[in-house]
Amino acid sequence: MSYPTAPADTHIRYANALTGLAAGDAWGYQVEFTSYARMPAYPVPPPTQWWVISDDTQMTLALHRALAEVPDFDDIETVTGALTRQFLLWQVDPDNTRAPGRTCMASLRNLRAGARWYDTDGAVESAGCGAVMRLVPTAFAPQPYWLGLTALQAVITHKHPRAVVPALLLADAIRHAPERRGRFLEHARTVAAQIYNGTSTWTEDPYLRDVLAPITGDVSSYLVEGLNDGTADILAAAAARLEQLRHMPAAEFGDPCAGIGEGWESASAVALALLVADLATSDDDAAALTGPEALAWASTSNGDSDSIACIAGGLIGSAHPENGYWTAAGLSPTFEPRYAEEIATAASQLPAGGATD
């Protein structure tokens, strides 16, 4: 099946997003599981030799490969099979030694044993951040599939409304990043309000409805449940923190996680990434942080440093349609040869034609 051709700058945005997420991942991976009080420096400096990525980038590339091999997204069973196959290949990859998420690994063991994601013994009902750290490729998928594909990649390993709803909010921010830069949290809260008051078009999205059909016949209630389970409160906390930080010098920002959460689960990981990206992409006046400074600050956290910086890097990159944005910003990461090649290959090919809206 052929899809509409994406605007030329969408390919550039996708490349910038992939570079940003991998760079943020590698930057934060240096200090994953290190508390803020024990950080080696404030902010943590970038890697000095190879930029070693973690499971966040590995799963992003697996998701990209899965979407690239599907000829027709209308066949949800085929898409599910492709996603599952690529995730299972990642599960047994010799490089999968970089602190993979317990939920992802447990869910994939169940799927390898023959369960379907929606079975009781299928995907784990978890809201962990694995559902959101890898989703950049689905955010760039064609209309009308991107929303449902984002939910599908989440539920295959994280079968929980609090995983799915933040994933949808993040994909929406990435997809529309150039026009929402500096106001990502504001837009996410607007979308949440629309879900609450019944005016969201997401609740009527036929592809999303079909993806979620095995676990719910009421998409509206499902999305509200995901918001009520702490997501809306975390977004509000992040928005309040953003207003405080806008009036402070960056050197005084402190731990990004303060008052929001540590990013180990989807809601706080997304809220923190939106906060970081808002401070790095504002158009109203000079942005508080450059792109590289944003990755440094996101990495210097008391929480899931690699995932927070990874998600923020993908969002910041997607906001920039300028070719070579990261290089121009002063960041030229040297990834391990295998992943440098895989990132470059993925960056050259949008998922099935890519975003057009």
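The following paragraphs describe the nonpolar core, helix packing, selected residue environments and backbone geometry of a predicted model.

The largest nonpolar core holds 122 residues, and within this set Val132, Leu152 and Leu274 touch the most other members. Helix 12, which spans residues 266-281, gives the most to this core, with a contribution of 12 residues. For Leu152, when residues up to four places away in sequence are not counted, the residues touched are Ile76, Val79, Thr80, Leu83, Trp117 and Val211.

Two helix pairs, both involving helix 11, illustrate how the helices are arranged. Packed helices of this kind are described by the angle between their axes together with the distance between the axes. The axes of helix 11 (residues 219-245) and helix 12 come within 9 Å of each other and cross at roughly 25°. Because angles under 35 degrees count as roughly parallel, helix 11 and helix 12 are assigned to that class. The crossing in which helix 11 passes helix 12 is right-handed. On the side of helix 11, the contact is made by Thr231, Ile234, Leu235, Ala238, Arg241, Leu242 and Leu245, and these residues are met on helix 12 by Ala267, Ser268, Ala271, Leu274, Leu275, Asp278 and Leu279. Leu274 thus appears in this contact and is also one of the core residues that touch the most other members.

In the second pair, the axes of helix 7 and helix 11 come within 8 Å and cross at roughly 75°. This angle makes helix 7 roughly perpendicular to helix 11, since the range from 65 to 115 degrees is assigned to that class. Helix 7 takes part in the contact through Pro161, Arg162, Val164, Val165, Pro166, Leu168 and Leu169, whereas the residues involved from helix 11 are Tyr222, Leu223, Glu225, Gly226, Leu227, Asp229, Gly230, Thr231, Ile234 and Leu235. Thr231, Ile234 and Leu235 of helix 11 are listed both in this contact and in the contact with helix 12.

Thr157 is found in the loop between helix 6 (146-155) and helix 7 (161-175). Despite this loop position, Thr157 is buried, with a relative accessible area of 0%. The side chain of Thr157 makes a polar contact with the side chain of His158 at 2.7 Å. Leaving aside neighbours within four places in sequence, Thr157 is in contact with Phe87, Thr103, Cys104, Ser107, Leu108, Ala123, Val124 and Arg134. Phe87 is also one of the contacts of Ala62, a residue of helix 2, for which the residues in contact beyond four places in sequence are Gln86 and Phe87. Ala62 is likewise buried, with a relative accessible area of 0%, and its C-alpha atom is 9.9 Å from that of Glu342, although Ala62 and Glu342 are 280 residues apart in sequence.

Helix 2 comprises residues 55-68 and includes Ala68, which is partly exposed at a relative accessible area of 36%. The C-alpha atoms of Ala68 and Ala82 are separated by 9.3 Å, with these positions 14 residues apart along the chain counted as their sequence separation. Tyr118, in the loop between helix 4 (102-112) and helix 5 (136-139), is also partly exposed, in this case with a relative accessible area of 32%. The contacts of Tyr118 outside its neighbours within four places in sequence are Lys159, Pro214 and Ile215. Of these, Ile215 is 97 residues from Tyr118 in sequence and 6.5 Å from Tyr118 in space, C-alpha to C-alpha.

Several loop positions are notable for their backbone geometry, given that most residues other than glycine have a negative phi and most peptide bonds are trans. The peptide bond from Tyr42 to Pro43 is cis, with omega near 0°, and Pro43 is placed in the loop between helix 1 (8-29) and helix 2. A cis peptide bond is likewise present from Gln143 to Pro144, with omega near 10°, and Pro144 belongs to the loop between helix 5 and helix 6. Phe33, which lies in the loop between helix 1 and helix 2, has a positive phi near 75° and counts as exposed at 59% relative accessibility. Ala99, found in the loop between helix 3 (76-91) and helix 4, has a positive phi of about 55° although it is not a glycine, and Ala99 is partly exposed, with a relative accessible area of 30%.

Notes. Residues numbered from 1 in each chain as written. Predicted model: local features only at pLDDT ≥ 70, side-chain atom pairs only at ≥ 80, totals over all residues. Heavy atoms only, no water. Core = buried A, V, L, I, M, F, W, Y, C linked by side-chain atoms within 4.5 Å. Buried < 20%, exposed > 50% of the residue type's maximum accessible area, 1.4 Å probe, protein only. Helix = DSSP H or I, 4+ residues; strand = E, 2+ residues; numbered from the N terminus. Contact = heavy atoms within 4.5 Å. Polar contact = N/O pair within 3.5 Å; in protein donor to acceptor, adjacent residues only side chain to side chain. Axes fitted to C-alpha atoms, helices over the stretch in contact; angles between N-to-C directions. Parallel < 35°, antiparallel > 145°, perpendicular 65-115°, else oblique. Left-handed = near helix turned anticlockwise from the far one by under 90°.
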